[in-house]
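Me: I'm new to this structure and would love a close look at a single part of it. Could you walk me through one sheet, strand by strand, and then show me what else is worth a visit?

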Amino acid sequence: MSVLTRDEAQTRSRLLDVHHYAIDLDLTRGDETFDSRTVIRFTVRGDTAGTDTFVEVKPAELRAVTLDGQPLDPAALDENRLALKGLTPGEHELRVDAAMRYSRTGEGMHRFTDPSDGETYVYTQLFLDDVQRVYAAFDQPDLKAVFDLAVTAPEDWTVLANGVTEHTGDGHWKAATTPPISTYLVAVAAGPWHSVRTEHRGLPFGIHCRRSLAPHLDTDADELLDVTRACFDRYHEKFDEPYPFDSYDQAFVPEFNAGAMENPGLVTFRDEFVFRSAVTDTQRQTRAMVIAHEMAHMWFGDLVTLRWWDDIWLNESFAEYMGYQTTAEATRFTDTWTDFGVTRKAWGYDADQRPSTHPVAPENVQDTASALLNFDGISYAKGASALRQLVAWLGEKDFLAGINIHIERHKFANASLADFIDSLAAATDRDVHAWADAWLRTTGVDSLLPGVTGDNGSRTLTVHRTGERPHRIAVGLYDQNPDHEGRLTPRERLDIDVPQTEPRPIGKLPALVVLNDGDLSYAKIRFDPDSFRTVRDSLSGLPDPLTRAVVWNALRDAVRDGELPATTYLDIARTHLPHESDLALVDGVLAFAAGQIADRYATPEQRPAALNTLADLCRDLIRRTEDGDHPGLRLIAVRHRIATAAHPDTIAAWLADGTVPGGPELDPELRWRILTRLAVLGATDEAAIAAELANDPSATGQEGAARCRAALPDAEAKARAWEAMFASDDLSNYLFTATAQGFWQPEQADLVRDYVPRYYTEAVALAARRGPAMADAAGRWAFPAHAVDADTLRLGQECLADADPIPALRRKLTDQLDDLARALRVREATTD
């Protein structure tokens, strides 16, 4: 498929004004294809006859095309482009009649049949250039148009779209005309949905899911709608421009590749957010944040849209920042920035230290394939961190004033980074252009290091910086609490601009100096020797969870940089995590300790001891929560106890009894977790997996069974799993991911050793056949991450040099190989 270049998009934008799309979809044509008829009205600018351009469409069959009533040859379609030649200035009408193929990879029009009840659902995911899998379009974000949509569906289906839909009879549905939106934001979701509807501020609101998930949606409907209404109201306090669309539907859809998608008026979410098993409050908080994130896009992304994909950060960084901030302001989830610091920020730091790093606002996004690679921890987490730093420096009042200027100037149109900075500059006397150059046009992570000098009683603090960015940070000074051993008392919080003009007096020597206390900037921090001793002894004695998150991130960074032995991190976790109350911190620290330290940074000889430490830690947490007052903490501990089990006896007994002694009872999610770990340990078999699947035949159960079967330490099981992933194209995106998650296990390194070299060849072929979404899955989940050795690294480097993987897989392999090289360096530093 030809990708659109920026130069081509700019040329077409100068040539055309696109006014209106009429799209007619027929979803009753069978399991493989649907019919798509599109009428596009557009104007050619200028006064020169004979202008050429093209329209994009990727059909199973292109039946007919007419331009101004004259037929064009469907055979002239070149990959995904149909040339429009000799266009004269003035108005034109293009009609395209095609059969389009349903997707099983989460791209275009995805089709899913629920194994629980046999019901079928379809939905669109048209970002970034998958529009052409559904309808013909001038597919670029700055050619906005008005859309009218008609859909024919099976009689018992409901059709959702960007606007209010009306059933006109015989399975025919018509959606209300949209305001001007970009092509990639058109959305359809059709099927026998279970819906909960209400009204707020005179607008219809709805939440929707598969019928088999109806009881679970109903259980959480009040919470979901309360969060939605609270965020909606808060955004109307922040933004002068009211919500610009006629309704607000949220559809939880199956096998969704992203967390959610901000289609105006019809946000689609992965339906794992309809919780069918027990979850922690942090998981509920994450769901609330995603709701807030997608709603922020209604203004920033949908009402005002980027001009070209180099400014994707304008969409995602803004929504990421607003999602966390607005959730904290408007809902019961007030500690969102702690979770951001533990999970999202670490994602940004990791991405920013790889060879594939890029500026938050890159200048070299030449085509759509390159743009797709930038949906990473930099565009989301680093960009949001930069905006949080901007608010700390600029002040929230001026920041929101600049945002509202920007929305007013560019509503229902498109804007660039330059436009955004000009809008901010109109609201302040500060030099936001210089700030943008320093923060948005550079790469890498700065480091901040404290220097404490002077005599006791007259100490001074200097913050040393690597890098060139300015930072406005808070520095926390803490003393030991004389009345409570191990507890730390805040002495003072200093506001410091880095670089400093002169050292800051701090009086007597504090027990602990925490740079970037409050986590308002984006930088790695380190500790002076006295502070590090306090961290080792008293980390859990810090009173604020956000401060503890900053400290844990610093320890994590130090391990990854080879400056702190991984065993020391585990010792600190063993000492302090049993006393931790913040769920995001407990889960984040355990996830890093297990997924990185035990699975990758520890050598095979060190791994059993690491797992034993983590198992002991989880046992402590389970004992601590026996009173039933901390169900979320207990659930986290049980999950990680299962994942770190080196012997099957305890967790097999839990599975047999259907409960953890003292609770919780095992719901489907916990049962599949245990069965997966038992499969890894060779303590279950196909018969047990089939029996579990019979009890839970849901889509999630199908994924659990695929994961377990791939995890069995049996040569035939591995061969079957490998063939399913790479020799056939039958697996959906979710079943591929589940199979890949089960396949590679550190305990089974010898069994799967011969598959490591095969991975590179066969992943390249798979990506070429099945496209970017499956390339991402193959690079993320099917990579042999457990094989931390020089041969795996060499094979990967040779693949990048010689095999020419498609861009999506090349990016994933580049990142995976850099992480592998880092793991080797950490092991070497630990050994030394």
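Reply: Let's start with one pair of residues: H110 has Y123 in β9 as its bridge partner. Keep in mind that this is a predicted model. The pair belongs to a longer contact between β8 and β9 (residues 120-125), which run antiparallel and share 6 bridges. These two strands make a hairpin, with 6 residues between them. In that turn you can find G118, whose phi is positive, at about 80 degrees.

Now step back to the whole sheet. It is open and has 4 strands, in the order β8-β9-β14-β11, with antiparallel pairing. Its edges are β8 (108-113) and β11 (158-161), each of which pairs on one side only. On average, neighbouring strands here are turned by 10 degrees against each other, direction ignored. As a general point, strands of a sheet are paired through backbone hydrogen bonds, in either a parallel or an antiparallel way.

Is the edge strand β8 enclosed or open to its surroundings? Of its 6 residues, 5 are buried, so β8 is largely enclosed by the rest of the structure. Buried here stands for under 20% relative accessible area.

At the other edge, β11 is joined to β14 (residues 188-191) by 4 bridges, again in the antiparallel sense. If you look along this pair, you will see L160 opposite A189 of β14.

From the sheet, let's move on to a helix, α16 (residues 631-643). Its 13 residues should span 18 Å at 1.5 Å a residue, and because its end C-alpha atoms are 18 Å apart, the two values agree. Like β8, this helix is largely enclosed by the rest of the structure, since 11 of the 13 residues of α16 are buried. Among them are G632, L633 and R634, as well as R639, H640 and R641. What covers the buried residues of α16 includes the helices α3 (281-297), α14 (583-601), α15 (607-624), α17 (649-657) and α18 (668-680).

One of those covering elements, α15, leads to a last stop, the second largest pocket, since α15 gives two or more residues to its lining. The other elements that do this are α23 (755-770) and α25 (790-802). The pocket holds about 510 Å³ of space, and 23 residues line it. Nearest its centre lie P604, P746, A749, H786 and A787.

How values were computed: Residues are numbered from 1 along each chain as its sequence is written. This is a predicted model: local features need pLDDT of at least 70, side-chain atom pairs count only at pLDDT 80 or more; totals for chains, interfaces and linings use all residues. Side-chain values use heavy atoms; hydrogens and water are left out. Two strands pair if DSSP finds at least two bridges between them. Axes are lines fitted to C-alpha atoms, for helices over the stretch in contact, and angles run from 0 to 180 degrees between N-to-C directions. Buried means under 20% relative accessible area, exposed over 50%, partly exposed in between (1.4 Å probe, protein chains only). The expected span of a helix is 1.5 Å times one less than its number of residues. Contact means heavy atoms within 4.5 Å. On a 1 Å grid over the protein atoms alone, a cavity is a set of points where a 1.4 Å probe fits but cannot get out, and a pocket is an open set with protein on both sides within 12 Å along at least five of seven lines; lining residues have an atom within 4 Å of a point. Grid points are joined across faces, edges and corners, and a volume is the space filled by probe spheres set on the points.
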